Amino acid sequence: MAMRCLLIDDSAQFLRSARELLERQGAEVEVASTGADAVRLAREGRPDVVLLDIDLGDETGFDVAHRLHDTEVSPPDGLPIILVSTHSEKDFEDLIGSSPVVGFLPKSSLSARAIQELLEEQAAR
C-alpha cells in the first residue's frame, strides 16, 4: 500500500513540485496551504505522515504541529509529523526538540525514501 502523505506549505509552487515528485515515487499526496486546512484534511484523510513547512506565513509549522498533535487527528501512537524547510535544521534545533515532531528534512532532500528512512529510524528508537 502506498504511503499517504499530507504536505503543508504556503508556496503553491513547492506544493506542486513536491507532490509530483512524491507521487512519481509511489506516495499518495494531499496538500494544504494553511493550518486549518491541514487539520481538516488530517481528520478526513488519516495520512500516514505529515510533511510540514516551518514557515507558513501568518503561522509557524511548530504551531500547526502542536494543533495536529493535540487534536483527535492524532492516533494513539501519534501522527508522525516531519518538519521541512529551506532553512538549516541547526537554525531550529531547540524548537524541533521541544515539538511533537519525529524529525526534520531539508526541502532539497525530500523524497519518499528519505521520509520512510526517517520514520523507520524513529520507530527503532
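This tour moves through the structure element by element, stating what to select and what is found there.

The structure is a predicted model, in which local features require pLDDT of at least 70 and side-chain atom pairs count only at pLDDT 80 or more, while totals for chains, interfaces and linings use all residues. Residues are numbered from 1 along each chain as its sequence is written, and side-chain values use heavy atoms, with hydrogens and water left out.

**Strand β3**

Select residues 49–53, strand β3. Helices (H or I, at least four residues) and strands (E, at least two) are DSSP runs, numbered from the N terminus. 5 of the 5 residues of β3 are buried, so the strand is largely enclosed by the rest of the structure. Buried denotes under 20% relative accessible area, exposed over 50%, and partly exposed the range in between (1.4 Å probe, protein chains only). In a regular strand, side chains alternate between the two faces of the sheet. Both faces of β3 are covered, with V49, L51 and D53 buried on one side and V50 and L52 buried on the other.

Next, add strand β1 (residues 4–8), which pairs with β3 in the parallel sense over 4 bridges; pairing requires that DSSP find at least two bridges between two strands. C5 is the residue opposite V49 of β3. Then add strand β6 (residues 81–85), which also pairs with β3 in the parallel sense over 4 bridges. Here L83 of β6 is the bridge partner of L52.

**Salt bridges**

The whole structure contains 8 salt bridges, each defined as a side-chain nitrogen of Lys or Arg within 4 Å of a carboxyl oxygen of Asp or Glu. Starting from D53, display D9 and K107 as well: D9, D53 and K107 are linked in a network of salt bridges.

Move to helix α1 (residues 12–24), where R19 and E23 lie 4 residues apart, about one helical turn. Their side chains form a salt bridge at 3.3 Å, N to O. R19 is partly exposed, at 29% relative accessible area, and E23 is partly exposed, at 39%.

**Helix α2**

Select residues 35–45, helix α2, in which R40 and D37 are 3 residues apart, about one helical turn. The side chains of R40 and D37 meet in a salt bridge of 3.7 Å, N to O. R40 also forms a salt bridge with E44, with the closest N and O atoms 3.4 Å apart. The relative accessible area is 38% for R40, which is partly exposed, 27% for D37, which is partly exposed, and 56% for E44, which is exposed.

Now highlight G35, A38, V39, L41 and A42, which are buried in α2. The buried residues of this helix pack against β1, β2 (28–32), β5 (59–60) and α3 (61–69), contact being heavy atoms within 4.5 Å. Just after α2, inspect the backbone of R46, which takes a positive phi of about 45 degrees.

**Helix α5**

Finish at helix α5, the 12 residues 112–123. Its buried residues are A112, A114, I115, L118 and L119. They cover an arc of only 170 degrees around the axis, which places them on the same side of α5; the arc is that of the directions from the helix axis to the C-beta atoms. Extend the selection to α1, β3, β6 and β7 (103–106), which are included in what covers the buried residues of α5.

Note on methods:
The expected span of a helix is 1.5 Å times one less than its number of residues.
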